[in-house]
Amino acid sequence: MDYLHIDIMPTQAMEFGITPIMTGGVTEKSTSVGALTAGEWNSIDLPLADFGFDFSYKMFQLKIDRGTGVETVYVDNIYFWKEASAVVDTEAPVITKAEATTVSDKKATLTLSATDNSDGNVTFTVLNGTEQVGTATVKSGEEATVEITSLTPETAYTLSVVAKDKSGNESTAQEVTFTTTEEVVEPTSGEGTYTIPAGLNVGKELAYTWAFTQTGSDVNVTFACKNATDIIGIVDGYVFDYTDGFAEHEGLSYTWNGCTEGQVITAAHKWMFAEGDFVTPQFTYTVLDPTTTGISSLNVNSRIEAGNIYDLQGRKMSANGKLPKGIYIINGSKFVIK
């Protein structure tokens with residue numbers, strides 16, 4: 001044991017000492033318990049080292065001293081004790097769930113859970129080979145979600161998941177397998193129609209087009225009405241910009257300058273005409289690498305029917321068929337095959 005505990009209630013101010021009496025001829029040493037509050041229980045814990053002798057000898061008496069012999073004092077709860085030893089956690093967490101719950105062309109979301117005997121936090125690490133691609137920390141038994149990005153479309157993946165507890169114990173690795181879907185190619189242009197429901201143009205169909213183009217870090221959107229001569233009182237209206245909050249830009253076209261790769265541009269257009277107006281759906285464009293200045297985009301699965309196709313090293317490519325990903329000169333214009 002490491003400590004002697006004693007509860008003391010003196011009815012008056014007094015000095016109070018304790019002397020363990022040992023076998024083996026060990027000299028007695030009275031030890032003061034310090035200042036006491038009269039009329040209250042004082043809870044005292046004295047380190048055995050304060051007594052200054054070896055407690056490997058048997059203690060057969062405990063003498064209470066330092067009083068004058070006339071004080072009244074109550075004593076209770078005399079015992080020896082020591083600090084509890086910390087429990088060393090040597091058991092590793094057990095992964096109870098590891099699966100890909102959503103998979104798209106370039107992303108996958110893993111749902112993970114594990115139990116640990118310490119009921120503390122568990123940290124998951126997701127590896128693609130030796131590369132760490134995701135991590136999450138949750139309480140033992142709770143589910144964590146980890147989003148894995150920058151994946152290649154139509155590709156089979158086997159990821160490895162391990163769980164580690166706060167003591168550093170690591171679980172057995174568990175594999176998660178999935179295959180990404182076919183690449184979704186975001187359209188950069190299109191067309192649509194709107195049937196006017198009332199007013200002077202009731203029943204007429206407004207046909208329109210929209211298109212995004214990128215030059216360096218600048219992105220432009222342009223809207224056009226294909227049959228403006230048929231719509232009474234139609235005016236060009238406004239580009240509605242939803243990219244960063246909301247803004248109106250007068251006219252059929254607007255350019256965002258200084259865009260960054262991966263930024264999403266969102267826009268619509270509002271036409272006004274006699275006794276009515278029409279706002280198109282919102283269209284989006286994800287900004288490409290600005291270094292591909294003025295380069296149009298094609299899907300890797302597109303079939304190129306044009307002749308005069310060259311790579312950037314000047315080598316002529318097949319006039320018909322599909323091209324691998326890269327940048328090409330097609331009939332004098334640059335195209336990026338995504």
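1. Let me start with the pair K226 and E191, which form a salt bridge in this predicted model. Their closest N and O atoms are 3.5 Å apart. K226 sits in the loop between strand 16 (218-225) and strand 17 (235-241), while E191 belongs to strand 14 (residues 189-195), so the bridge ties together parts that are 35 residues apart in sequence. Both ends are open to the outside: K226 is exposed at 52% relative accessible area, and E191 is exposed at 58%.

2. How many salt bridges are there by this rule? The count comes to five. Another of them joins E15 to R66, with the closest N and O atoms 3.0 Å apart. Here a loop meets a loop: E15 lies between strand 1 (3-10) and strand 2 (17-22), and R66 between strand 5 (59-65) and strand 6 (73-81), so this pair links parts that are 51 residues apart in sequence. E15 is partly exposed, with a relative accessible area of 43%, and R66 is partly exposed as well, at 35%.

3. E147 and K107 also form a salt bridge, and the closest N and O atoms are 3.9 Å apart. With a cut-off of 4 Å for such a pair, you may like to look at this one yourself. E147 is part of strand 11 (residues 143-148) and K107 is in the loop between strand 7 (94-103) and strand 8 (108-115), so parts that are 40 residues apart in sequence are tied together. E147 is partly exposed at 47% relative accessibility, and K107 is partly exposed at 38%.

4. On to the overall make-up. The chain has 26 strands and zero helices. Of its 338 residues, 35% are buried. Among contacts with a separation of 6 or more, 59% are between residues 24 or more positions apart. The chain exposes about 18800 Å², and carbon and sulfur atoms supply 48% of that area.

5. A word on the cysteines. The disulfide count is zero. C225 is buried, with a relative accessible area of 18%, and C259 is buried too, at 5%.

6. Which residues touch the most other members of the largest nonpolar core? They are L206, F212, V219, W256, I265 and W271, in a core of 23 residues. Strand 15 (205-215), strand 16, strand 20 (264-273) and strand 22 (283-286) each give two or more residues to this core. W256 is a good place to centre your view: beyond its neighbours within four places in sequence, its contacts include F212, V219 and I265. The contacts of W256 also include polar residues, among them S217, D218, N220 and T243. Apart from this core lies another one, of 21 residues, among them I95, Y157, L159 and V161.

7. Strand 4 (residues 42-47) is a nice one to inspect side chain by side chain. N42, I44 and L46 point to one face and are buried, whereas S43, D45 and P47 point to the other face and are not buried. This fits the general picture, since side chains in a regular strand alternate between the two faces of the sheet. Strand 4 pairs with strand 1 in the antiparallel sense, over six bridges. Within that pairing, N42 is the bridge partner of I8.

8. V103, in strand 7, is worth a look for its distant partners. V103 and T179 are 76 residues apart in sequence, yet 7.6 Å apart in space from C-alpha to C-alpha. Not counting residues up to four places away in sequence, V103 touches A108, F178, T179, T180 and T181. V103 is partly exposed, with a relative accessible area of 29%.

9. Finally, two backbone angles to check. Most residues other than glycine have a negative phi. E154 has a positive phi of about 55° although it is not a glycine, and E275 likewise has a positive phi, of about 65°. Where does E154 lie? E154 is in the loop between strand 11 and strand 12 (156-165), and E154 is exposed, with a relative accessible area of 53%. E275 is in the loop between strand 20 and strand 21 (276-279), and E275 is exposed at 58%.

Key
Residues numbered from 1 in each chain as written. Predicted model: local features only at pLDDT ≥ 70, side-chain atom pairs only at ≥ 80, totals over all residues. Heavy atoms only, no water. Salt bridge = Lys/Arg side-chain N within 4 Å of Asp/Glu carboxyl O. Helix = DSSP H or I, 4+ residues; strand = E, 2+ residues; numbered from the N terminus. Buried < 20%, exposed > 50% of the residue type's maximum accessible area, 1.4 Å probe, protein only. Contact = heavy atoms within 4.5 Å. Areas by Shrake-Rupley, 256 points an atom, 1.4 Å probe, with all protein chains shown as cover. Disulfide = S-S within 2.5 Å. Core = buried A, V, L, I, M, F, W, Y, C linked by side-chain atoms within 4.5 Å. Pairing = 2+ DSSP bridges.
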